[in-house]
Amino acid sequence: MRISNLIEVAVYNTKSYDQEYLEKAEGAEHVQWRFHEFRLSAETALAAKGVQAVCIFVNDEANRGCLEILAAQGVKLIALRCAGFNNLDLVAARELGLSVVRVPAYSPYSVAEHTVGLLLTLNRKIHRAYNRVRELNFSLGGLVGSDIHGKTVGIIGTGKIGQLTAQIFRGFGAEVIAFDSFPANDWAETNGVRYVALDQLLESSHIVSLHVPLLPETRYLLNALTLAKTKQGVFILNTSRGKLVDTTALIAALKSGHIGGVGLDVYEEEEGVFFEDLSGQVLLDDELSQLLMFPNVLITSHQAFLTHEALSEIARVTTQNILNLGANAPFLEGTTL
Ligand code: NAD
């Protein structure tokens, strides 16, 4: 039933923490949330009937067909409760008169800290040690790691998250080199970071960490050719978007022994898998199954953003974006708002 003075919002892909933080966000008393656990797609768009706004996350599929159904039902606003927007057809949204807003920055610390956490775990084999000790196996064989101090870390993409990741690695005493199509030269100078060409970064880094958005030109940035340029024993970290890495090429480089370790918070085929409890099912994705079998691969399920601070900020900004109903928010053009 429509409550006239409230803005009705269909929230797709809702998890318990989304509901908890959105319901207690400032201004939430002016919003009628309609929480759906399923993802947005052309098949589920009809569930937005009668709402003014839909709220989506990274793995919802807001393609043209889906947006046409939303617009035909009177939806005015798409509120992404995330920073990335590669899952939304911006051109179609504009043509259909749909406003699009997002949360360009919530807690870059959450993602940067998780990135470094993946590396520390992998490098010192803490994931293996944890299991071993629980089995009363207190031996140390096979757990040798390396100091990060003195190593070279290559940061690809020095926006908000890349910069913080670089700064944390500088704190370890690592040399940090970086590549970005728009270098932040003042920041680099202040923090002792050196910009280099992409090939030089790949050739020189013991650790390569990806922090660029997913765009046509960054898709498969790490592929068979670019991985071949990396150092023997390199650690690869991806907490940005799965499709930045060609998984088939990554697996080949792992099998050949070229790669020392891989930390992934994202995976190119994560839609429908990450965020779900599939523990009672058969995993149908052969490449993901294979990745999970490597002792030197550590995968988390797109959880880098999952801190109290980030969830609070996502809920606060999303609610404000919705209350503005796009009126004051510029149309998202593919750049930071
Ligand atoms: P940002 O926009 O602040 O920085 C992105 C940087 O990439 C910019 O400096 C930009 O100049 C650079 N860049 C863009 N295209 C490039 C190219 N072709 N070559 C080189 N550099 C290029 O973004 P951010 O807030 O630092 O986020 C980075 C990415 O992290 C996001 O795009 C998103 O995909 C991902 N992310 C993941 C999570 C998670 O939970 N795992 C959470 C938030 C964001």
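How are helices α4 and α6 oriented to each other? In this predicted model, α4 and α6 are oblique to each other, because they pack at an angle of about 45°. The briefing below covers the surroundings of the ligand and then two helix pairs.

**Ligand surroundings**

- The ligand is surrounded by 24 residues, and those that come nearest are Tyr106, Lys160, Ile161, Asp180 and Thr239.
- Sorted by class, this shell comprises ten nonpolar residues, nine polar residues and five charged residues.

**Polar contacts of the ligand**

- For Asp180, a side-chain N or O atom lies 2.6 Å from an oxygen atom of the ligand.
- For Lys160, the distance between a side-chain N or O atom and a ligand oxygen atom is 2.8 Å.
- For Arg241, the corresponding distance from a side-chain N or O atom to an oxygen atom of the ligand is 3.3 Å.
- On its own the ligand has 870 Å² of accessible area, of which the protein covers 86%.
- Two residues with these side-chain contacts, Lys160 and Asp180, are also among the residues that come nearest to the ligand.

**Helices α4 and α6**

- Helix α4 spans residues 108–124 and helix α6 spans residues 160–171.
- The axes of α4 and α6 are 8 Å apart, and the packing angle is about 45°.
- An angle of about 45° is neither under 35 degrees nor in the range 65 to 115, and the pair therefore counts as oblique.
- The crossing in which α4 passes α6 is right-handed.

**Helices α1 and α12**

- Helix α1 covers residues 16–23, and helix α12 covers residues 308–323.
- The axes of α1 and α12 come within 8 Å and cross at roughly 60°.
- That angle makes α1 oblique to α12.
- α1 and α12 form a right-handed crossing.

Terms used: Residues are numbered from 1 along each chain as its sequence is written. This is a predicted model: local features need pLDDT of at least 70, side-chain atom pairs count only at pLDDT 80 or more; totals for chains, interfaces and linings use all residues. Side-chain values use heavy atoms; hydrogens and water are left out. A residue is near a molecule or strand if one of its heavy atoms lies within 4 Å of it. A polar contact is a pair of N or O atoms within 3.5 Å; within protein, one must be able to donate a hydrogen and the other to accept it, and residues adjacent in sequence count only if both atoms are side-chain atoms. Accessible areas come from the Shrake-Rupley method with a 1.4 Å probe; for residues, only the protein chains shown count as cover. Ala, Val, Leu, Ile, Met, Phe, Trp, Tyr, Cys and Pro count as nonpolar, Asp, Glu, Lys and Arg as charged, and the others, Gly among them, as polar. Axes are lines fitted to C-alpha atoms, for helices over the stretch in contact, and angles run from 0 to 180 degrees between N-to-C directions. Helices (H or I, at least four residues) and strands (E, at least two) are DSSP runs, numbered from the N terminus. Angles under 35 degrees count as roughly parallel, over 145 as roughly antiparallel, 65 to 115 as roughly perpendicular and the rest as oblique. A crossing is left-handed if the near helix is turned anticlockwise from the far one by less than a right angle, and right-handed if clockwise.
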